[in-house]
Amino acid sequence: MSFLDKLRQLFGGGGQQPSRTTAPDTTGLWFHFRCNKCGSLVRIRVDKRNDLNREEDGPGAFLLRKDVMDDTCFQLMQAEIWLDGDYNIVASDVTGGSLISEQEYRAAQEKQQPQ
Ligand SMILES: [Zn+2]
């Protein structure tokens, strides 16, 4: 990034080039977990197009199966999350950890890193 680009960013002016990093992430869903063993928080991105399985029988329209690992104790958490047609969580079962909301995730992170 050039100095001029940085200046543009600083002053919030509309840059000349469209920035891909600010494009809305329309296919991503974020899930947040807490490890039962060490309490570490993990945030993962799921791709709506690739990671969700459409299911006929179940509490929701989509089933997500995901293995999640924190970077502290490396215990594997196995998540099964049901989503409805609007990608809202309707049911979840996490072995070795628990599903938390983004608010909980952010609040816990702020507590861990007081600045
Ligand atoms: Zn852990």
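A residue is called exposed here if 12 or fewer other C-beta atoms lie within 10 Å of its own, buried if there are 20 or more, and partly exposed in between. Keep that in mind as we walk through this predicted model, since it comes up more than once.

Let's start with the overall layout. The protein has 2 helices and 7 strands, and reading along the sequence gives the pattern α-β-β-β-β-β-β-β-α. Of its 115 residues, 12% count as buried. As for how the chain folds back on itself, take the contacts between residues at least 6 apart in sequence: 43% of these join residues at least 24 apart.

Now for the strands, which sort into two open sheets that we can take in turn. One of them has 4 strands, in the order 3-4-5-6, with antiparallel pairing. Its edges are strand 3 (52–54) and strand 6, each of which pairs on one side only. From one strand to the next, the twist averages 20°. If you look inside this sheet, you'll find strand 4 and strand 5 running antiparallel and joined by 8 bridges. A handy spot to look at is D67, which stands opposite Q78 in strand 5.

The other open sheet has 3 strands in the order 2-1-7, and here too the pairing is antiparallel. Strand 2 (41–47) and strand 7 (97–100) each have a single partner strand, so one side of each is left without a neighbour in the sheet. Ignoring direction, neighbouring strands of this sheet are turned by 35° against each other on average. Strand 1 and strand 7 pair over 4 bridges, and one place to see their pairing is C35, whose bridge partner in strand 7 is G97. Helix 2 (residues 102–112) lies across strand 1, strand 2 and strand 7, and it runs at about 140° to strand 2.

What sits in the largest nonpolar core? It is made up of 10 residues: F31, F33, C35, L64, V68, M77, A79, I81, L83 and V94. Strand 1 (28–35), strand 4 and strand 5 each supply at least two of them, with strand 5 giving the largest share, 4 residues. So C35, the partner of G97, turns up again as a core member. L83 is another core residue, and you can trace its surroundings: leaving aside residues up to four places away in sequence, L83 touches L52, G60, A61, F62, L64, N88, I89 and V90. Among those neighbours, L64 belongs to the core as well.

Finally, have a look at two loop residues with backbone angles worth a second glance. Most residues other than glycine have a negative phi. F74, though, has a positive phi of about 60° although it is not a glycine. You'll find F74 in the loop between strand 4 (62–69) and strand 5 (76–83). Is F74 buried or exposed? F74 counts as exposed because it has 11 C-beta neighbours inside 10 Å, and the cut-off for exposed is 12 or fewer.

The other one is Y87, where phi is near 65°, again a positive value in a residue other than glycine. Y87 lies in the next loop to visit, between strand 5 and strand 6 (89–95). With 14 other C-beta atoms within 10 Å, Y87 is partly exposed, because that count falls between the cut-offs of 12 and 20.

Notes: Residues are numbered from 1 along each chain as its sequence is written. This is a predicted model: local features need pLDDT of at least 70, side-chain atom pairs count only at pLDDT 80 or more; totals for chains, interfaces and linings use all residues. Two residues are in contact if their C-beta atoms, placed from the backbone, lie within 7 Å. Two strands pair if DSSP finds at least two bridges between them. Axes are lines fitted to C-alpha atoms, for helices over the stretch in contact, and angles run from 0 to 180 degrees between N-to-C directions. A nonpolar core is a set of buried Ala, Val, Leu, Ile, Met, Phe, Trp, Tyr and Cys residues joined through C-beta atoms within 7 Å.
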